[in-house]
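Student: I have a structure open and would like to understand the words used for it. Could we go through the reasoning behind them, one term at a time?

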Amino acid sequence: VPLVLYVGRMMPQKGAAAVVAAAAKVWEQSPETHFVFVGPASKESEAWFAGNDARLKYLGKVPAQEKADAMAACDVFCMPSMSEILPTVYLEAWSYGKPVVGGRAHGLPELVEGNGGGLTVSQDAGDVSRALLSLLGDEEKRHTLGAKGQELVARRYSVPAVAEALLQLYG
């Protein structure tokens, strides 16, 4: 069963509503796909999940291990945020070798597409669904993008890489 994961606050600027809206479009071509949402709710998000399809699951805020398990289990990580600086949740997804569908906030296209770790989209449901379907339908592409993201995390954002950069900076 294909699994799309969103981790973050259930806020419009983070893209949760766009992912919920994209689910119906994804189901037209990939009806077996499940969407899992992890993170704190907002007043508006409660309605997004009320009475929805069983393939749309909201877990709320979960312990770190449950979040890690969700990352490990997903096929695609999707958070089309329009307000990020350096979303650590993208780095977490890449650390598990998962491709990222990210937003177009300043700097995200360079981080996500520029390093070959995923795709960036607007918060239009059609845009999000097209990106998701392109990845869900191509296992090799998912693996390639996830591996590039994983390599980026190891090279630039791992504890040893950051420690070495700090040593050079202070040296």
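Tutor: Let us begin with contact, which means that heavy atoms lie within 4.5 Å. This is a predicted model, and in it S134, L135 and L136 of α6 meet E139, K141, R142 and L145 of α7.

Student: What makes up the contact of α6 with α7 by class?

Tutor: That contact has three nonpolar, one polar and three charged residues.

Student: Why are α6 and α7 called roughly perpendicular to each other?

Tutor: Two packed helices are described by the angle between their axes and the distance between the axes. The axes of α6 (residues 125-136) and α7 (residues 139-157) come within 6 Å and cross at roughly 100°. Angles of 65 to 115 degrees count as roughly perpendicular, and α6 and α7 are therefore described in that way.

Student: How do you know that β1 and β4 pair?

Tutor: Two strands pair if at least two bridges are found between them. Strand β1 (residues 3-7) and β4 have two bridges, in the parallel sense, so the definition is met. One of the residues to look for is L5, whose bridge partner in β4 is F77. On the other hand, β1 is also joined to β2 (residues 34-38) by five bridges, and these strands run parallel, with V38 in β2 as the bridge partner of V7.

Student: What makes β3 and β6 the edges of the sheet?

Tutor: The six strands form an open sheet in the order β3-β2-β1-β4-β5-β6, with parallel pairing. β3 (56-60) and β6 (118-120) each have a single partner strand, so one side of each is left without a neighbour in the sheet. From one strand to the next, the twist averages 20°.

Student: Which strands does α6 lie across, and how does α6 run relative to β4?

Tutor: Helix α6 lies across β1, β2, β4, β5 and β6, and runs at about 170° to β4. Angles over 145 degrees count as roughly antiparallel, so the direction of α6 relative to β4 is described by that term.

Student: Why are the residues of β4 called buried, and which way do they point?

Tutor: Buried means under 20% relative accessible area, and V76, F77, C78 and M79 of β4 (residues 76-79) are all buried. V76 and C78 point one way from the strand, whereas F77 and M79 point the other way.

Student: Which residues have the most contacts inside the largest nonpolar core?

Tutor: They are L5, F35, F37, F77, Y90, W94 and L132, in a core of 51 residues. The largest share of this core, eight residues, comes from helix α1 (residues 16-29). Leaving aside neighbours within four places in sequence, L132 is in contact with V4, V26, F35, V76, C78 and V101.

Methods. Residues are numbered from 1 along each chain as its sequence is written. This is a predicted model: local features need pLDDT of at least 70, side-chain atom pairs count only at pLDDT 80 or more; totals for chains, interfaces and linings use all residues. Side-chain values use heavy atoms; hydrogens and water are left out. A nonpolar core is a set of buried Ala, Val, Leu, Ile, Met, Phe, Trp, Tyr and Cys residues joined through side-chain atoms within 4.5 Å. Buried means under 20% relative accessible area, exposed over 50%, partly exposed in between (1.4 Å probe, protein chains only). Helices (H or I, at least four residues) and strands (E, at least two) are DSSP runs, numbered from the N terminus. Axes are lines fitted to C-alpha atoms, for helices over the stretch in contact, and angles run from 0 to 180 degrees between N-to-C directions. Angles under 35 degrees count as roughly parallel, over 145 as roughly antiparallel, 65 to 115 as roughly perpendicular and the rest as oblique. Ala, Val, Leu, Ile, Met, Phe, Trp, Tyr, Cys and Pro count as nonpolar, Asp, Glu, Lys and Arg as charged, and the others, Gly among them, as polar.
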